[in-house]
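Thank you for making time this morning. I would like to walk you slowly through one model, so please have the sequence and the picture ready.

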Amino acid sequence: MSSSENGPAEGAVAVVAPQLRELRRRAALTLEAAARSAGLSPAHLSRLETGQRQPSLPMLLSLARVYGTTVAELLGETTAGRDAVVRAADMEPTAAGGWTYWRAGSPGRGMQTLRVQVPYGTQGDIVRVHPGEEWLYVLKGRLRLRLGDTEHRLGAGDSAHFDSLTPHRIAATDADGVELLFVHTLLQSPTAAPCLGPTPGEMP
């Protein structure tokens, strides 16, 4: 959940347009057929392919599904040379909004994997809504997870998997906080930071 929800960063736009066109041709789809499958007008898709319009994240997700690829590939990122294994010693902590994150997966993938430490009393009032899916697993402590109008209490060993368009809140139940393993599908880019923290434009 970052500012990239509205579309790719400006530096990536120049890459997206030709990549969209190339992937459509590789999928042997006409402009009309691809646009129809993605829920766009042919004119709109044409403007995206020529760089006259900037695609939003929902558009990129739809086009990635149509072309059988990932948002990362639409942004021109490749998997070549990336290690499949991430060592614990290489997981640098990042602090945001009171939470601490350790990136547990390779950048630029279709999923972002994080280990997250959530202290008690941080971000529990923030409602998050964004395209994609989320899966979390409680490693240590107890979690309060609110999905829509339903509140769930999770302990160590419990997990949750949900559509992240469902309004959701995450908070630690106890003073010792909670530690999570977290996987989500979001727009990936070379400059993407962990996107669980509060960002402008989220629901209050």
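I will begin with confidence, then turn to the helices, the two sheets, and a few single residues.

Please keep in mind throughout that this is a predicted model, and that the average pLDDT of the chain is 79, with 78% of the residues scoring at least 70. Where in the chain is confidence lowest, and where is it highest? The lowest value belongs to helix 5, residues 71-74, with a mean of 73, while the highest belongs to strand 6, residues 150-154, at 98. There are also two stretches that I would ask you to read with care. Over residues 1-12 the pLDDT stays under 50, and the model has 35 contacts for them beyond four places in sequence. Over residues 187-204 the pLDDT again stays under 50, and here the model has 56 contacts beyond four places in sequence.

Let us move to the helices, and to helix 2 in particular. Helix 2 covers residues 31-38, and its buried residues are Leu31, Ala33, Ala34, Ala35 and Ala38. As a general reminder, an α-helix has 3.6 residues a turn, so residues three or four places apart point the same way. Just after helix 2 comes Gly39, which takes a positive phi of about 75°.

How does helix 2 pack with helix 3, which covers residues 42-49? The two pack at an angle of about 105°, and their axes are 8 Å apart. Because angles from 65 to 115 degrees count as roughly perpendicular, helix 2 is described as roughly perpendicular to helix 3. On the side of helix 2 the contact is made by Leu31, Glu32, Ala34 and Ala35, and on the side of helix 3 by Pro42, Leu45, Ser46 and Glu49. If we sort the residues of this contact by character, we find five nonpolar, one polar and two charged.

Now for the sheets. Strands of a sheet pair through backbone hydrogen bonds, either parallel or antiparallel. One open sheet in this model has six strands in the order 1-2-3-9-4-7, and the pairing is antiparallel. Its edge strands are strand 1, residues 93-96, and strand 7, residues 159-163, each of which pairs on one side only. From one strand to the next, the twist in this sheet averages 25°. Strand 1 is joined to strand 2, residues 99-103, by four bridges, and these two strands run antiparallel. Within that pair, Thr94 has Tyr101 of strand 2 as its bridge partner.

Another open sheet is formed by three strands in the order 6-5-8, again with antiparallel pairing. Strand 6 and strand 8 stand at the edges with a single partner strand each, so one side of each has no neighbour in the sheet. The twist here averages 15° from one strand to the next. Strand 5, residues 143-147, is joined to strand 8 by five bridges, and the two run antiparallel. In strand 8, Arg169 is the bridge partner of Arg146, and Ala172 is the residue that stands opposite Leu143.

Is strand 8, residues 168-172, largely enclosed or largely open? Four of its five residues are buried, so strand 8 is largely enclosed by the rest of the structure.

Finally, a few single residues. Most residues other than glycine have a negative phi, and most peptide bonds are trans. With that in mind, look at Ala28, which is not a glycine and yet has a positive phi, near 55°. Ala28 sits in the loop between helix 1 and helix 2, and with a relative accessible area of 68% Ala28 is exposed. Gln123 also has a positive phi, near 60°, and its place is in the loop between strand 3 and strand 4. Is Gln123 buried or exposed? At 7% relative accessibility, Gln123 counts as buried, because the cut-off for buried is under 20%.

My last residue is Thr185, which lies in the segment after strand 9 and is partly exposed, with a relative accessible area of 25%. Thr185 and Gly132 are 53 residues apart in sequence, but from C-alpha to C-alpha they are 5.1 Å apart in space.

Key: Residues numbered from 1 in each chain as written. Predicted model: local features only at pLDDT ≥ 70, side-chain atom pairs only at ≥ 80, totals over all residues. Heavy atoms only, no water. Buried < 20%, exposed > 50% of the residue type's maximum accessible area, 1.4 Å probe, protein only. Axes fitted to C-alpha atoms, helices over the stretch in contact; angles between N-to-C directions. Parallel < 35°, antiparallel > 145°, perpendicular 65-115°, else oblique. Contact = heavy atoms within 4.5 Å. Nonpolar A, V, L, I, M, F, W, Y, C, P; charged D, E, K, R; others polar. pLDDT = per-residue confidence, 0-100. Pairing = 2+ DSSP bridges.
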